[in-house]
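The following exercises concern side-chain contacts and strand pairing in a protein model. Each task is followed by a solution that proceeds step by step.

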Amino acid sequence: MTKSNKGKKDAISGKRYIRVCLLIVAMLLAVTAGGCSRKPSEEGIEPTEGVTEALTPKPTATPEPTATPQPTATPEPTKAQTQDTSGTAFTPSGISGRVMIFTGNTVEVSEAGTGDTVRFGSYEQDNDMDNGAEAIEWLVLDKQDGKLLLISKDALDAKLYNEEYVDVTWETCTLRGWLNDTFYNTAFSTEEQGRIVTTRVKNEDNLEYGTEGGNDTEDKIFLLSTGEVRGYFDFSMTAFDPARQARVTAYAKAQGGFVRNDDAYSENGWWWLRTPGYINKGAVNVASSGLVDSNGYSVTHSGFVIRPALWLNLEY
């Protein structure tokens, strides 16, 4: 081979070598670029199941608005519990004095004094419905400002102090409602009702046990309290006071009134006072002997009788 041919051959080989090198470099660049563009999933690494869901917080549900509470309706007071706010209620000035003797005299209301008996209103008493209601006899306990405090001479009816065995006071008991509604409208004419005074009644606590007597009330008809019984009759509550004994009418017996019939207190009954007993599920009463039982009996105890009381206006 000549020297010139060998030089040409070496030149061609050098170019081929350069081309091969450039091709290799190009391939390497392509491989590198391809590797950089691969996604993680293409590497065969799958995301852990549930991770995305666990890490992505769920939006908190917006709570549904609650319904706007309706205002509680204020219960209407019963007729007996409605307070007279006119300021015209009569407030007795206390107990003016003890009734030492009941005279036994039945006199006109306009002429009556303490200890006398008067007739006012009418109510069934002999349990004979055919002859109509009988005139009610009342004992005069007090006289103040042209008004008489009266209590029925006999027990006129038999009622529970309260229809349910629950804590009550005179203000809330069902007997108060009955006296100021049924009895009031049965025993007195419209004209007679006009003479009965609305009285501010003081409801004292139990004198021995301190049981709360509740709010004072304003009533047409009421029961005596323990303090009034002690003030107008014998001061000793344990005395067998004849003046505190009450005969039970035939009608009251027929309504369930219990009477004694085996001793000196025959025909007498146990009558309610408005003062609570040693608990507010009970009320004080006067026994057939005239003794005052400050322990009281259950407000649902049957057989106890009623001696209504009221203040009567002499001026009409």
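**Exercise 1. Strand pairing**

Identify the bridge partner of Gln-144 in β3, and place the pairing within its sheet.

Solution. The model is a predicted one.

Step 1. Gln-144 has Lys-147 as its bridge partner in β3.

Step 2. β2 and β3 are joined by six bridges and run antiparallel. A pairing requires at least two bridges between the strands.

Step 3. The sheet is open and consists of four strands in the order β1-β2-β3-β11, with antiparallel pairing. Its edge strands are β1 (117-123) and β11 (309-313), each of which pairs on one side only.

Step 4. On average, neighbouring strands of this sheet are turned by 40° against each other, direction ignored.

**Exercise 2. Salt bridges and the parts they join**

Determine how many salt bridges the structure holds, and examine the pairs Glu-137 with Lys-153 and Asp-154 with Arg-247.

Solution.

Step 1. In general, side chains of opposite charge can pair when their charged atoms come close. The structure holds ten salt bridges.

Step 2. For Glu-137 and Lys-153, the closest N and O atoms are 3.8 Å apart, and the cut-off for a salt bridge is 4 Å. Glu-137 belongs to strand β2 (residues 134-144), while Lys-153 belongs to the loop between β3 (147-152) and β4 (157-158); the pair therefore ties together parts that are 16 residues apart in sequence.

Step 3. The accessibility of each partner is considered next. Glu-137 has 22% relative accessibility and counts as partly exposed. Lys-153, at 36%, also counts as partly exposed.

Step 4. Asp-154 and Arg-247 meet in a salt bridge with an N to O distance of 3.0 Å. Asp-154 is in the loop between β3 and β4, and Arg-247 is in the loop between α5 (226-232) and α6 (250-254), so this pair ties together parts that are 93 residues apart in sequence.

Step 5. Asp-154 has 12% relative accessibility and therefore counts as buried, because the limit for buried is under 20%. Arg-247, at 42%, counts as partly exposed.

**Exercise 3. A further salt bridge and a network**

Classify both partners of the salt bridge between Asp-263 and Arg-260, and state which residues are joined into one network by salt bridges that share partners.

Solution.

Step 1. The closest N and O atoms of Asp-263 and Arg-260 are 2.3 Å apart.

Step 2. Asp-263 has a relative accessible area of 31% and is partly exposed. Arg-260, at 24% relative accessibility, counts as partly exposed as well.

Step 3. Arg-119, Glu-137 and Lys-153 are joined into one network by salt bridges that share partners.

**Exercise 4. Aromatic pairs**

Describe the geometry and burial of the pairs Tyr-161 with Trp-170 and Trp-272 with Phe-304.

Solution.

Step 1. A pair of aromatic rings is described by the distance of the centres and the angle of the planes. Across the whole structure, a search finds 16 aromatic pairs.

Step 2. The rings of Tyr-161 and Trp-170 lie 6.4 Å apart, centre to centre, with 55° between the planes, and the pair is tilted. Both residues are buried.

Step 3. For Trp-272 and Phe-304, the centres are 4.5 Å apart and the planes are at 25°, so the pair is stacked. The limit for stacked planes is under 30 degrees.

Step 4. This pair links distant parts of the chain: Trp-272 is in strand β7 (residues 271-276) and Phe-304 is in the loop between β9 (292-298) and β10 (305-306), 32 residues apart.

Step 5. Trp-272 counts as buried at 0% relative accessibility, and Phe-304 is buried with a relative accessible area of 4%.

Step 6. A cluster of linked ring pairs contains Phe-120, Tyr-123, Trp-138, Trp-178, Phe-183, Tyr-184, Phe-188 and Tyr-251.

**Exercise 5. Charges over rings**

Which rings lie beneath the charged ends of Lys-281 and Arg-307?

Solution.

Step 1. The charged end of Lys-281 sits over the ring of Tyr-165, at 5.9 Å from its centre.

Step 2. The charged end of Arg-307 sits over the ring of Trp-271, at 4.6 Å from its centre.

**Exercise 6. The surroundings of Thr-217**

Establish whether Thr-217 is buried or exposed, and find side chains in polar contact with its side chain.

Solution.

Step 1. Thr-217 is located in strand β6 (residues 217-219).

Step 2. Its relative accessible area is 0%, so Thr-217 is buried.

Step 3. The side chain of Thr-217 makes a polar contact of 3.4 Å with the side chain of Asn-203. Another polar contact, of 2.9 Å, joins the side chains of Thr-217 and Asp-219.

Note on methods:
Residues numbered from 1 in each chain as written. Predicted model: local features only at pLDDT ≥ 70, side-chain atom pairs only at ≥ 80, totals over all residues. Heavy atoms only, no water. Salt bridge = Lys/Arg side-chain N within 4 Å of Asp/Glu carboxyl O. Helix = DSSP H or I, 4+ residues; strand = E, 2+ residues; numbered from the N terminus. Buried < 20%, exposed > 50% of the residue type's maximum accessible area, 1.4 Å probe, protein only. Phe/Tyr/Trp six-rings, centres within 6.5 Å; stacked < 30°, edge-to-face > 60°. Lys NZ or Arg CZ within 6 Å of the ring centre and 35° of its normal. Polar contact = N/O pair within 3.5 Å; in protein donor to acceptor, adjacent residues only side chain to side chain. Axes fitted to C-alpha atoms, helices over the stretch in contact; angles between N-to-C directions.
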